[in-house]
Amino acid sequence: MILQTALLIGLVIFSVLALLLKDLLRSAISLALASLLLGIIFFRMNAPYAGVFEISVVAGLITVLFVLTIALTGKGEAIHESRLVNWVFPLVFVAFLVIDALVMKSLLGKVPALASGAESGSFGEVLWKARTIDLVGQIAVILAGVFAVLALFRKRDKND
Amino acid sequence: MTNTWYLYVFFAAALVCAGLLGLLGKRNLIKLFIAIEVIGKGISLLLLGTGFAKANILTAQALVITYIVIEVSLVATALALIINIYRHTKSLDIRNLAKLKG
């Protein structure tokens with residue numbers, strides 16, 4: 001429990017760092033570290049498949065995509081973030097954390113208890129048999145993403 | 001079990017709040033997208049934490065994997081859009097997109 005709490009605190013710290021750091025490359029790497037910690041948390045929650053996906057896809061592939069974009073856009077150094085935000089962000093965030101700690105427990109107590117029976121079977125059965133139609137939708141979403149990227153990087157014809 | 005659930009929901013809410021603050025305050029397009037990613041991390045932590053506390057970890061895991069796969073295609077599309085915007089406006093500033101032409 002203590003290790004899990006430490007991992008969660010690390011996750012929040014790296015996520016906030018990813019938002020606050022000025023260097024885009026550093027913030028992308030900080031986001032990758034946050035993903036890595038989230039993957040370890042998933043492993044410790046007996047969710048190995050989600051952990052593997054989180055570490056390999058989010059911490060690996062998405063970071064590569066971010067670094068590639070940062071390299072292609074020349075780091076975008078010329079943008080001045082407003083100074084007010086740099087002051088307000090930590091203050092509002094800490095205030096939210098305090099309110100969160102005070103209020104969340106009583107809020108959770110008010111959530112009506114849903115029927116939650118113990119699951120049976122393996123992960124594969126739950127993934128493939130309990131949810132069939134939306135997996136087809138998932139494949140359609142991936143195809144749509146591929147076509148969107150292809151359409152965005154389409155070369156112009158000579159006739160245009 | 002409520003204590004475990006409380007722990008995960010607390011940190012998920014913190015992540016979503018940080019992402020929303022980033023979305024409201026930042027001007028760089030890539031920073032805005034990193035903020036969206038942080039919100040997504042909070043949501044997947046909330047899903048798996050609730051599944052863990054309610055002994056429904058397999059369903060929660062299937063949902064999180066669905067979310068991660070969709071996230072990848074979202075990221076690829078959005079970063080391609082950002083690169084195209086950079087080619088057109090030579091800048092990553094979100095305020096340049098508010099200037100409409102024509």
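**View 1. Chain B runs through the pattern α-α-α along its sequence.** This is a predicted model, so keep that in mind as you look around. In chain B, the secondary structure adds up to three helices and zero strands. How does the radius of gyration of chain B sit against the globule rule? Its value is 17 Å, well over the 13 Å that the rule gives for 102 residues, so chain B is more spread out than a compact globule.

**View 2. The C-alpha trace of chain B spans about 55 × 25 × 20 Å along its principal axes.** Now for what sits inside: 47% of the 102 residues of chain B count as buried. And who touches whom within the chain? Take the contacts in chain B between residues at least 6 apart in sequence: 51% of them join residues at least 24 apart.

**View 3. Chain A meets chain B, with 63 residues of chain A in contact with 58 residues of chain B.** Several helices of chain A pitch in here: α1 (2–20), α2 (24–44), α3 (48–72), α4 (83–110), α5 (123–130) and α6 (133–152) each supply at least two residues of the side that touches chain B. Which helix gives the largest share of that side? That would be α3(A), with twelve residues.

**View 4. The side of chain A that touches chain B holds 46 nonpolar residues.** The rest of that side is made up of ten polar and seven charged residues. While you look at this view, remember that α3(A) brings twelve residues to this side of chain A, the largest share.

Note on methods:
Residues numbered from 1 in each chain as written. Chains lettered and ligands numbered in written order. Predicted model: local features only at pLDDT ≥ 70, side-chain atom pairs only at ≥ 80, totals over all residues. Contact = placed C-beta atoms within 7 Å. Helix = DSSP H or I, 4+ residues; strand = E, 2+ residues; numbered from the N terminus. Nonpolar A, V, L, I, M, F, W, Y, C, P; charged D, E, K, R; others polar. Rg over C-alpha atoms; globule rule 2.2 N^0.38 Å. Buried ≥ 20, exposed ≤ 12 C-beta atoms within 10 Å, placed from the backbone.
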